[in-house]
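Below are my notes on the model, set out as numbered points. Please read them alongside the sequence and the coordinates.

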Amino acid sequence: MASEEHIIDLKHVSKRFGDKTVLDDINLYIRKGEFVTLLGPSGCGKTTTLRLIGGFLAPDEGEILLDGKDISSIPPYKRPFNTVFQRYALFPHLDVYENIAFGLKLQKVPEDEIERRVKRVLKLVSMSDYEDRDVDSLSGGQQQRVAIARALVNQPKILLLDEPLAALDLKMRQDMQIELKEMHKKLGITFIYVTHDQEEALTLSDTIVVMNEGKIQQIGTPIDIYNEPVNCFVADFIGESNILKGKMLRDRRVAFIKHEFDCVDEGFGEMTPVDVVVRPEDIYFTTDPAKCQFKATVNSCTFKGVHYEMWVDTDTGYELMIQDYDPYPVGAEVMLYIDPDDIQVMRKERTRNVMDGKMVDETHVEMIGGVFECLPQEGIAPGDDVRVTVRFEKVDLEDHQEEGVVAGEVHFLLYKGDHYHLTILTEDGYHVWVDTNDIWDKGDLVGITIAPEDLLIEKKNEA
Amino acid sequence: MKRSHWSIPYVVFMAIFVVLPLVLVMVYAFQDGTGHFTLANITRFFTDADALTTFAVSLEIAIENTLICILLGYPAAWILANKDLNRSAITIILFIMPMWINALMRTLATAEIFNMLGIRLGKGTLLFGMVYDYLPFMIYPIYNVLAKMDKSYQEAAQDLGATPWKVFWKVTVPLSMPGVWSGVLMVFMPTVSTFAISEFLTNNKIKLFGTIIQENINSSMWNYGAALAFFMLIIIGITTLFTGDQKEAEEALI
C-alpha cells in the first residue's frame, strides 16, 4: 500500500539540548501511506525525531521536507499532521464530542459537517454513544480511542503516534495494536509511530527504524530487522539472541564457539573477525550423529508458555540459549546443529579500543579524561599527540569509581557466550569497550584502570 | 493514645476562636440591648439608608478591586509561569515580597506618598491601595495553576491547528480557572470587610461596610454591629457558592 513517493524526508538532521547531542545526522525518508515505527530504548532520540516532524522542536542542523518542501520554519498548527500524545492530553474542560470537534471548529467547518465527521470517527474507534461523556470518566483505553479520534477527524496527511499504547495493560495493548493496524489499512494515510516495545514494532510496522544514542542503527522491514540485524545493538534489542565472537574463515564458512559452520555470507574476506548472531529458536536438537555439529549439556530449562527456554553449555565452554517446543532435562547430553541460513554474520564495529592521547612525560599519557601510566616510550617526547590502542580484555574495571584512573558507568552490555562485552561511558563522555568475565549490570558505576604494559602507544603523524 | 486524639487541641482552638465568635455574632444580632430576642437589628439595616448605601459602595469597590486584580494579576502570573520569559525565582519573590510587610504599614506609606505628591485622596487612591495590597493574592494561585499545567495540553491544541492566541483562550485560560476562582476568594472576601485601607487612603471620605461595623462596635452598639457582621458573612457565603468547584479552587493554593 506504500507508494514510492516520499512524504517526509529528514536530511542531515541534528538536535542538541545544551551540550548533549540527542540526534546526530539523521537521514530518513518516509513513503506515502507507510506505517513507520521509530524504535529504540529511552533516550535514543525517537521521541525527539517525532517532535521535530510535528514541529514542536526545531532542528539545529539539517532540514525536514514534506512532499519535497522544507517545513522547518512552519509552526505545528500549520502542519497537516496530527498527533496522538503519550498521555493522550485530552482537554479536561471539554467532553468527548467537544474534544474531537476542537480542530474542526478552529477550521470553521460548518456545524452539521462537524457533527457528521465526529460521529463517523467515533464509530471508527468504536466509541459511538460516548459523545457527551466527561473525558475524566473514561478508562485509559477509551481515552486512547478518543485521542486517536481527535487526531483522525482532521484528516491529517500523517498521523504521529508517541508511544500511544504505553499506558495500557498487555491484553488491551494487543487489541489496540490490531485495531491500529486495521485503521491504517482502511484510511491509507501515513502513520509514524514511536515505541520502545520491539514486539509492538514488529507487529505493526511496514518499516522499522531502529535508533540508539541519537543515531539510526538500521532501517528495514520487520523481517529484515529480525533476521538480518546489522550490528550487536539491533540483534540484542530485537528479540532474543545469542551474540558470539567469530571469525570468517572464507566465503560461506565461519568459525564460532570453537566450531566451524557453513553459512550464506560472502565478501567479508578471509580470517576476518566478525560477530555472529544465532536466534535461540534456530538451534536445533538432533539424534542423528551425522547431522550433529556440536554437543552440549543442558544447564537449565524453563517453561515459557509456547516454548521451553534452555541454556546449554557447549563442549567448548560457551553458553547458548535455545528455544524449543520439547524440553530436555537438566544434565542431558544433547547433539545440536544450526542451518547455514540461520547464521547472521555481522562486520565487527571495532576490534579494540583506539584512543587519542597526549604524552605528559616519558611514562604517562593523558587520554579519555585521565592520566595513565605507561612503559617508557622511545622517540616520543612529552606533549606529542599519540594514538593509544588497548585490547578489550586488557581494560580493568574497579568496583569503586575513585579506584580507577577514570570514572565511568556501564552503559550497554552484551553476553557473548563465554564473556561479557561492556560499553563504558566515562564521565567526560568517552566510550571504552571492555571484555570481562565478571558480572556487571547496566548503570553500575566503575573505575577504569589499564596496566602500563597493555597500552600500545604510537606517535601520530604530524600531518 | 489514638491517632485522632492528636487533633483535640486544634478542635478546642477552633471551637474557642472560630465557632464561638460566629455563634456570638449570631446571638448578638438577634438580641436587643437587654438580652431579649428581636428582629429589630435586621429590620433596622433595611431601613438605614446610610448602611445600605455603604453596603452597595463596598460591594462595588470589592468587585472593581477583584476585576482589576484579575486583569493585572493574570498576565503577571502567566509571565512568571512561562519558563521562556522568566528564568529565575527572584521575580516570583519580588511579587510575593510585599506580603511580608505589614499591610497597615504599606497602606500608611502609600497614603503618605499620595499626600507628598499632592494627589487628592478618594476613590482612585482607595482602589490603588486595595489593588496594591491584594494583587499578590490573585497572582499566586493563578501562577500555581499555570506552572503546574501539563504542557501537552497546549501542544495538543497547537497540533489540532490552534494559533498561540487560540491556544491561550481555548485551553490555557479555561484550564486555569480554578486558580482564578481561588484568587477571587482571596481578594473579594477580605475587601468586603476591610476598613483600615479606606480610613487611611480616603481619610474616611468613603466608608466601607467594614468601617460601619467597626464604628458601631467601637461605640458599644454590639447588637446592631453584630447584625451587620451577619450580613457580611452571608455575602461571603454567597461568593464561595459562585466560585464553582471548591476542591479545584483549593488545590490551586497548594
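**Domains, sheets and contacts**

1. Chain A is split into three domains: domain 1 covers 6-232, domain 2 covers 259-347 and domain 3 covers 353-462. The model is a predicted one, and every point below should be read with that in mind.

2. On the relation of domain 1 to domain 2 in chain A, the C-alpha centres of the two are 39 Å apart. The contact between them involves 6 residues of domain 1 of chain A and 4 residues of domain 2 of chain A. On the domain 1 side of that contact, the residues are 3 nonpolar, 2 polar and 1 charged.

3. Strand β11 of chain A (residues 242-250) has two pairings to note. With strand β14 of chain A (residues 272-278), β11(A) runs antiparallel and shares 7 bridges; within this pairing, Leu244(A) sits opposite Val276(A) of β14(A). With strand β12 of chain A (residues 253-256), β11(A) is also antiparallel, joined by 4 bridges. Here Gly246(A) has Phe256(A) of β12(A) as its bridge partner.

4. What lies between β11(A) and β12(A) in their hairpin? There are 2 residues between the strands, and Arg252(A), in the turn, has a positive phi of about 65°. Anyone checking backbone torsions may want to look at Arg252(A) in that turn.

5. Chain A also has an open sheet of 5 strands, ordered β15-β19-β16-β17-β18, with antiparallel pairing. Which strands stand at the edges? They are β15 (283-286) and β18 (319-324) of chain A; each has a single partner strand, so one side of each has no neighbour in the sheet. From one strand to the next, the twist averages 50°.

6. Inside that sheet, β16 of chain A (residues 294-303) and β17 of chain A (residues 308-314) are antiparallel and are connected by 7 bridges. Phe303(A) faces Tyr308(A) of β17(A) across this pairing.

7. Chain B contains 12 helices and 0 strands. Read from the N terminus, its elements are therefore simply α-α-α-α-α-α-α-α-α-α-α-α. The C-alpha trace of chain B spans about 70 × 65 × 35 Å along its principal axes.

8. One helix pair in chain B deserves a separate entry. Helix α10 (residues 209-218) and helix α11 (residues 222-242) of chain B pack at about 155°, and their axes are 8 Å apart. Angles over 145 degrees count as roughly antiparallel, and α10(B) and α11(B) are therefore roughly antiparallel to each other. The crossing of α10(B) and α11(B) is left-handed.

9. Which residues make the contact of α10(B) with α11(B)? From α10(B) come Phe209(B), Ile212(B), Ile213(B), Asn216(B) and Ile217(B). These meet Trp222(B), Tyr224(B), Gly225(B), Leu228(B), Ala229(B) and Met232(B) of α11(B). By class, this contact has 9 nonpolar residues, 2 polar residues and no charged ones.

10. Finally, the contact between the chains draws 16 residues from chain A and 14 residues from chain B. On the side of chain A that touches chain B, the elements giving two or more residues are β6 (81-84) and α2 (96-106) of chain A. The largest share of that side, 3 residues, belongs to α2(A). By class, the side of chain A has 8 nonpolar, 7 polar and 1 charged residues.

Notes. Residues numbered from 1 in each chain as written. Chains lettered and ligands numbered in written order. Predicted model: local features only at pLDDT ≥ 70, side-chain atom pairs only at ≥ 80, totals over all residues. Contact = placed C-beta atoms within 7 Å. Nonpolar A, V, L, I, M, F, W, Y, C, P; charged D, E, K, R; others polar. Pairing = 2+ DSSP bridges. Axes fitted to C-alpha atoms, helices over the stretch in contact; angles between N-to-C directions. Domains from an automatic or database assignment. Parallel < 35°, antiparallel > 145°, perpendicular 65-115°, else oblique. Left-handed = near helix turned anticlockwise from the far one by under 90°.
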